[in-house]
Amino acid sequence: MQLMQQIRPTEIYNLAAQSHVGVSFESPEYTANADAIGVLRLLEAIRILGMEKETRFYQASTSELYGLVQEVRRRKPRRSIRARPMASPSFTATGSR
């Protein structure tokens with residue numbers, strides 16, 4: 001959090017994830033830290049430092065969280081969503097906001 005406070009980034013890209021299903025069952029604590037707790041800590045740091053309005057948060061994660069999903073075409077380009085920790089799903093649920 002100290003580093004975020006010093007730098008005050010306007011964009012954060014979290015690319016950490018455990019994407020191998022077999023390994024996720026062998027190392028559940030690591031998987032929870034990589035796919036959920038780490039995200040929660042980043043979002044909480046943004047909230048605690050009052051950076052919600054100035055910082056964009058991108059959570060790449062892994063498609064393995066969603067299972068078999070069909071592609072959905074969008075008519076409009078996606079807008080970037082600013083970090084809203086209180087609006088984010090439970091840290092053990094899939095997806096991010």
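**Group meeting: two parallel strands and their contacts**

From the N terminus on, this chain runs α-β-α-α-β. That comes to three helices and two strands. Helices (H or I, at least four residues) and strands (E, at least two) are DSSP runs, numbered from the N terminus.

A word on the source. This is a predicted model, where local features need pLDDT of at least 70, side-chain atom pairs count only at pLDDT 80 or more, and totals for chains, interfaces and linings use all residues. Residues are numbered from 1 along each chain as its sequence is written, and side-chain values use heavy atoms, with hydrogens and water left out.

Overall numbers next. The chain has 97 residues, and 24% of them count as buried. Buried means under 20% relative accessible area, exposed means over 50%, and partly exposed is in between (1.4 Å probe, protein chains only). The chain exposes about 7700 Å², with carbon and sulfur atoms supplying 52% of that area. Those areas come from the Shrake-Rupley method with a 1.4 Å probe; for residues, only the protein chains shown count as cover. Now contacts, meaning heavy atoms within 4.5 Å. Take those in the chain with a separation of 6 or more: residues 24 or more positions apart account for 72% of them.

On to the strands. How do S1 and S2 run, and how many bridges join them? They run parallel, joined by four bridges. Two strands pair if DSSP finds at least two bridges between them. Ile 12 stands opposite Phe 57 in S2. Asn 14 stands opposite Gln 59 in S2.

Look at the faces. In S1, Ile 12 and Asn 14 make the covered face, while Glu 11 and Tyr 13 make the uncovered one. S2 alternates as well. Phe 57 and Gln 59 point to one face and are buried. Arg 56 and Tyr 58 point to the other and are not.

Stay with Asn 14, in strand S1. Asn 14 is buried, at a relative accessible area of 10%. Which residues does Asn 14 touch, not counting those up to four places away in sequence? Val 39, Leu 42, Phe 57, Tyr 58, Gln 59, Ala 60 and Ser 61. A polar atom of the Asn 14 side chain also lies 3.4 Å from the backbone nitrogen of Ala 16.

Now the aromatics. A search of the whole structure finds one aromatic pair. Tyr 13 and Tyr 58 form this pair, 5.9 Å centre to centre, with 50° between the planes. Why does the pair count as tilted? Rings of Phe, Tyr and Trp (its six-membered ring) pair if their centres lie within 6.5 Å; planes under 30 degrees apart count as stacked, over 60 as edge-to-face and the rest as tilted, so 50° falls in the last class. The pair links distant parts of the chain: Tyr 13 sits in S1 (residues 11-14), Tyr 58 in S2 (residues 56-59), 45 residues apart. Tyr 13 is exposed, at 53% relative accessible area. Tyr 58 is partly exposed, at 45%.

Next, charges. Side chains of opposite charge can pair when their charged atoms come close. The structure holds two salt bridges. The criterion is a side-chain nitrogen of Lys or Arg within 4 Å of a carboxyl oxygen of Asp or Glu.

One is Glu 54 with Arg 8, the closest N and O atoms being 3.3 Å apart. This pair links distant parts of the chain, 46 residues apart: Glu 54 in the loop between H3 and S2, Arg 8 in the loop between helix H1 (2-7) and S1. Glu 54 is partly exposed at 33%, and Arg 8 is partly exposed at 31%.

The other is Arg 47 with Glu 44, at 2.8 Å between the closest N and O atoms. Both lie in helix H3, three residues apart, about one turn of the helix. Arg 47 is partly exposed at 32%, and Glu 44 is partly exposed at 25%.

Last stop, Thr 55. Thr 55 is found in the loop between helix H3 (28-48) and S2. Is Thr 55 buried or exposed? Thr 55 is buried, with a relative accessible area of 0%. Its side chain reaches the backbone oxygen of Pro 9 at 2.9 Å. A polar contact is a pair of N or O atoms within 3.5 Å; within protein, one must be able to donate a hydrogen and the other to accept it, and residues adjacent in sequence count only if both atoms are side-chain atoms.
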